[in-house]
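Visitor: I'd like to learn how to read a protein and DNA model without fooling myself. Could you walk me through one?

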Number of protein chains: 2
Amino acid sequence: MNDMQRSLYLPRFLPYRLTKLSGMISRNLAAKYSTMFDLTIAEWRIVALLGSNPGLTAREIAPLASLDKVSISRAVERLVKSGRLEKRKLDGDRRSAALYLTEAGTSTLAEIIPLAQRYEDQLLAEFTPEENEQLDHFLNRLDAMADTLK
Amino acid sequence: MNDMQRSLYLPRFLPYRLTKLSGMISRNLAAKYSTMFDLTIAEWRIVALLGSNPGLTAREIAPLASLDKVSISRAVERLVKSGRLEKRKLDGDRRSAALYLTEAGTSTLAEIIPLAQRYEDQLLAEFTPEENEQLDHFLNRLDAMADTLK
DNA sequence: AAAAAGTAGTTTCATTTGAAACTTTAATCC
DNA sequence: GGATTAAAGTTTCAAATGAAACTACTTTTT
């Protein structure tokens, strides 16, 4: 007889678990970034990226930060207003601007990195180096697979 | 000399990776549920829960589905309107209602479960049973740790 | 047993989000 | 080289979200 599955146990359903986990983590971090630095997650990602890749344009940031261009436009606007980012229109293409952290932006980043790092370390505190590597590997594979599945 | 970290590599930052991964997966599933059944993720979760736990109230659903009461209220309203859910006010407490799938709701669930299961199977297609178990274990630990961290 | 405090679920309202339209500039076509 | 198509970012608008206020009830207190 055909053993059709008649129910699905939500707490073990991978998409649910991942959404719940990433939601908890994001809320934690968003609260930290917001209260301590008045930064959104999108802004934090952009600042982090520009820290190691100064001069990126909005278009280049999009895939690296997994943000759409509307979010980037708004985050950049806020970062410029708060004095942490500078737009330089010297790309050879006057539609886009190269983005750079200001002094203030650089110092914000320098303050956040240890906090972000510490949070990640706490999450992984009970993982051995081997487990950590295993997790890393699993996430890469899931990412690639999710990317494949339409 | 104090070796402060001056940059953070976003693609390897666990919170970013989890958000990205769960975002991809949720968008995939949301698109499926929405086009095939006109269901949101919240509605799907509620239907899935009621499939195995008929008679839950909104309050009881909240922690099980990781949904807030506003989302539940709205999802339940839509599910009742679409004829998939029934509210029975016989709790002894006239503020709350026990929720039950209708015939239509049950049959929707029966249609979705194989799709959801198949999607999960595809995500994990290249994981051996041992790896699958390892992943499961990792997610549980991360979940517990994230719960701990404020 | 009336008043006060608490709970379940809904509604309101202000904010966030993202798709689509738009503006400006650049590249390609004839 | 003028016309067409495309690209980078911005703005607009409508829908999704969620905190706070609200309604209807229930429990606790005195």
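Visitor: Which elements each supply at least two residues of the surface near DNA strand C?

Guide: A residue is near a strand if one of its heavy atoms lies within 4 Å of it, and helices here are DSSP runs of H or I, at least four residues, numbered from the N terminus. In this predicted model, the elements are α4 (69-81) of chain A plus α3 (58-65) and α4 (69-81) of chain B. The most comes from α4(B), with 4 residues.

Visitor: Any ground rules on numbering and confidence?

Guide: Residues count from 1 along each chain as its sequence is written, while chains are lettered from A and ligands numbered from 1 in the order written. Local features need pLDDT of at least 70 and side-chain atom pairs 80 or more, whereas totals for chains, interfaces and linings use all residues; side-chain values use heavy atoms, with hydrogens and water left out.

Visitor: Which residues come nearest to DNA strand C?

Guide: There are 19 residues around the strand, and A:Arg74, B:Arg59, B:Ser73, B:Lys87 and B:Arg95 come nearest. On the DNA side, sugar and phosphate make up 55% of the strand C atoms that come within 4 Å of the protein.

Visitor: How do those surface residues divide into nonpolar, polar and charged?

Guide: The classes are Ala, Val, Leu, Ile, Met, Phe, Trp, Tyr, Cys and Pro for nonpolar, Asp, Glu, Lys and Arg for charged, and the others, Gly among them, for polar. Here the split is 10 charged, 5 polar and 4 nonpolar.

Visitor: What about specific polar contacts?

Guide: Look for a pair of N or O atoms within 3.5 Å. An N or O atom in the side chain of B:Ser73 is 2.7 Å from a phosphate oxygen of strand C. With B:Ala58, a polar backbone atom is 3.5 Å from a phosphate oxygen. A base oxygen, by contrast, lies 3.5 Å from a polar side-chain atom of A:Arg95.

Visitor: Where should I look for odd backbone angles?

Guide: Most residues other than glycine have a negative phi. B:Asp38 has a positive phi, near 50°, and is found in the loop between α1 (14-37) and α2 (41-52) of chain B. B:Ser66 also has a positive phi, about 50°, in the loop between α3 and α4 of chain B.

Visitor: Is B:Ser66 buried or exposed?

Guide: Buried means under 20% relative accessible area, exposed over 50%, and partly exposed in between (1.4 Å probe, protein chains only). At 33%, B:Ser66 is therefore partly exposed, and B:Asp38 counts as partly exposed too, at 47%.

Conventions. A polar contact is a pair of N or O atoms within 3.5 Å; within protein, one must be able to donate a hydrogen and the other to accept it, and residues adjacent in sequence count only if both atoms are side-chain atoms.
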